[in-house]
Amino acid sequence: MPALLTLLDVTLHFGGPAILEKVNFQVDPGERICLIGRNGAGKSTLMKVIVGEMKPDTGDVFRPANAVYRRLTQEVPTDLTGSVHDIVTSGLRPNDDHHEEDWERDVRVEDLITATGLKPDQEFSALSGGLKRRALLARALAGQPDLLLLDEPTNHLDLESILWLEEFLLEKKPTLLFITHDRAFLRRISTRIVELDRGRLAGWACDYDTYLVRKQEVLEAEERQRALFDKKLAQEEEWIRRGVKAQRSRATARINALKEMRAQARARRDRTGTATIKLAEADRSGVKVIEAENVSYAYTEGGPPVIRDFSTVIRRGEKIGILGPNGAGKTTLIKLLLGQLQPTSGSLKHGTNMEIVYFDQLRAQIDDNKTVADNIANGNPTVTIDGRTKNVISYLQDFLFEPTRARTPAKVLSGGERNRLLLARLFTKPANVLVLDEPTNDLDAETLDLLEDLLVEFQGTLLLVSHDREFLDEVVTSTLVFEGDGRLGDYAGGYTDWMQDKAKQASRASAAAGVADPGRISSKAPGSATPATTKPAKKLTNKERQELETLPAKIEALEKEQADLAGKLADPTFYKSQAAKFAEVKARLETVEREHAAAFARWEELADGKA
């Protein structure tokens with residue numbers, strides 16, 4: 001099938017280094033491509049170029065005739081009015097040529113609304129942010145787009161909505177290009193990864209974990225090549241400073257080569273650095289940090305409790321995750337635990353020597369009218385970190401704010417930059433109790449990893465509200481979950497541990513009700529009172545033993561071919577010199593990966609038989 005999109009040598013500048021530099025890219029029908037890159041790399045700009053909202057300076061964008069693209073932005077439009085049915089219907093393509101009957105279009109709209117779990121007559125403006133995103137996604141799919149583009153689709157969604165979105169996309173199977181910071185979402189949805197780095201686009205036909213390994217290898221190789229180049233350049237500079245003594249023709253060639261090397265060095269773009277995130281820790285708090293006993297809270301007197309009969313003891317060093325649907329009362333629970341709200345009933349006690357730092361979900365602590373630097377230092381040239389004075393511009397560079405960016409108003413910052421600014425502001429204060437309400441929104445993968453490491457090493461107490469499953473699994477020691485009717489469950493571990501506990505509870509409930517657990521194989525044959533006998537291991541035939549001996553070499557050859565093909569797809573020059581072979585190489589890599597998995601499974605099967 002023909003490609004749904006092709007970019008050839010697309011370049012775009014905004015005055016500084018190219019946002020897009022000779023980008024070559026192709027999208028085939030049925031792909032689900034994740035576009036990754038650092039904050040500010042130009043991912044959203046690339047999407048605008050793809051849908052035609054922005055024109056490149058040079059290069060070509062090829063779209064099939066009559067192709068329809070739909071792009072969902074990070075922000076929910078504020079000017080949309082009407083019912084859910086009106087919103088979804090507005091996404092239909094014009095039916096001027098009457099390719100469809102009206103009833104077919106009506107059925108598609110109704111099916112999409114049903115799939116979102118919304119009611120057709122609900123007013124769009126009255127929906128929560130997550131439900132509005134559902135309606136907008138249904139509107140985009142109503143037009144049966146050839147290519148759907150999603151920019152951070154999981155931002156501000158609760159866990160239930162994220163899981164719904166995953167299932168929805170896997171069921172509807174649209175051709176998809178999406179940007180996300182949610183690594184669990186990326187792993188489940190993407191079939192291919194492309195990375196925008198320093199204006200160049202590189203493809204990675206592999207899963208996310210394999211990408212991380214291969215990317216690190218590419219960066220290490222780049223560093224080695226750069227070191228060799230810099231050494232050679234230094235040698236040539238030293239040679240020319242000593243004076244030219246070689247023959248004229250040889251000297252001229254060497255001088256020209258030096259000029260070319262200087263030009264390459266000037267044009268070289270350094271990779272965006274890694275944020276240096278450090279937290280100033282206060283003196284230790286008491287052993288008991290917060291103790292709640294039968295705490296309830298209602299917004300109005302006599303109204304239904306948002307928090308009901310909640311008891312817990314939070315001790316020093318514990319890291320508590322808080323999970324629940326949007327509107328369940330997660331932020332209310334935090335304010336109760338911190339003493340910012342008084343419980344309707346029950347008792348709440350705080351420990352001694354608590355130094356609290358609070359990262360709020362709405363980023364309300366940032367003054368948009370002040371510069372980035374003034375948000376940190378209130379007009380002072382320095383800040384005090386851990387008792388040491390530091391220049392505010394230098395401090396902000398640790399959080400990847402260049403000096404010019406540090407002097408701009410905070411209102412122009414992107415979502416990821418606002419998050420980094422708030423982290424920079426809060427981490428100037430010593431803390432032994434850290435409260436983070438949705439800290440991961442808009443952060444790129446590198447900064448997310450650094451924040452994870454910081455929180456794991458933090459010796460104080462952590463309260464963390466997040467819908468990022470992997471982030472919770474990496475950081476928290478226990479999880480409080482809103483389970484309806486204002487009640488909270490307390491589970492050891494993170495998101496995965498909670499899901500396993502839920503499965504065990506369901507299994508126990510089924511067993512107690514006398515219902516067989518479908519996920520468990522009985523040790524007795526149906527209708528039999530005696531355990532089924534274990535099937536003895538089958539002895540290998542001569543042919544199978546010969547196959548077992550040849551499999552390691554086959555697996556090794558497949559792994560080598562797999563690495564070679566992946567290296568081609570990760571090489572930006574491949575797209576320029578052999579763009580026509582991209583689909584062929586990608587298809588071969590997928591075949592090799594399947595053959596490798598089958599060969600390895602067969603080796604394990606035969607090896608077990610041999611044992």
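This report describes aromatic contacts, an enclosed cavity and two unusual backbone angles in a predicted model.

**Aromatic rings**

Across the whole structure, a search finds seven aromatic pairs. In one pair, formed by W164 and F168, the ring centres are 4.7 Å apart and the planes meet at 25 degrees, so the pair is stacked, given that planes under 30 degrees apart count as stacked. Both residues belong to helix α5, which covers residues 159-172, and because they are four residues apart in this helix, about one helical turn separates them. W164 is buried, with a relative accessible area of 16%, and F168 is also buried, with a value of 3%; the reasoning here is that buried means under 20% relative accessible area.

The ring of W164 has a further partner, since the charged end of R134 sits over this ring at 4.6 Å from its centre. A similar arrangement is found where R420 lies over the face of F401, with 5.2 Å to the ring centre. Elsewhere, one aromatic cluster is formed by W204, Y208 and Y211.

**The cavity**

Rolling a probe the size of a water molecule over the atoms shows where empty space is left. In this structure there is one cavity of 30 Å³ or more, and the largest cavity holds about 70 Å³ of space. Its lining includes T154, H156, L157, I162, H181 and D182, and also E438, T440, N441, S466, H467 and D468. Sorted by class, the residues that line the largest cavity are two nonpolar, seven polar and three charged. At least three of the lining residues come from domain 1 (5-211), and at least three come from domain 3 (290-500).

**Two positive phi angles**

Most residues other than glycine have a negative phi. Which value does phi take in D9, which is not a glycine? The phi of D9 is positive, at about 50 degrees, and K22, likewise a residue other than glycine, has a positive phi near 50 degrees. The table sets out where each of these residues lies and how accessible each one is.

| Residue | Phi | Strand | Relative accessibility |
|---|---|---|---|
| D9 | about 50 degrees | β1 (residues 5-12) | 33% |
| K22 | near 50 degrees | β2 (residues 20-27) | 47% |

With these values, D9 counts as partly exposed, and K22 counts as partly exposed too, because this class lies between the 20% limit for buried residues and the 50% limit for exposed ones.

Conventions
Residues are numbered from 1 along each chain as its sequence is written. This is a predicted model: local features need pLDDT of at least 70, side-chain atom pairs count only at pLDDT 80 or more; totals for chains, interfaces and linings use all residues. Side-chain values use heavy atoms; hydrogens and water are left out. Rings of Phe, Tyr and Trp (its six-membered ring) pair if their centres lie within 6.5 Å; planes under 30 degrees apart count as stacked, over 60 as edge-to-face and the rest as tilted. Helices (H or I, at least four residues) and strands (E, at least two) are DSSP runs, numbered from the N terminus. Buried means under 20% relative accessible area, exposed over 50%, partly exposed in between (1.4 Å probe, protein chains only). A charge sits over a ring if NZ of Lys or CZ of Arg is within 6 Å of the ring centre and within 35 degrees of the ring normal. On a 1 Å grid over the protein atoms alone, a cavity is a set of points where a 1.4 Å probe fits but cannot get out, and a pocket is an open set with protein on both sides within 12 Å along at least five of seven lines; lining residues have an atom within 4 Å of a point. Grid points are joined across faces, edges and corners, and a volume is the space filled by probe spheres set on the points. Ala, Val, Leu, Ile, Met, Phe, Trp, Tyr, Cys and Pro count as nonpolar, Asp, Glu, Lys and Arg as charged, and the others, Gly among them, as polar. Domain bounds come from an automatic or database domain assignment.
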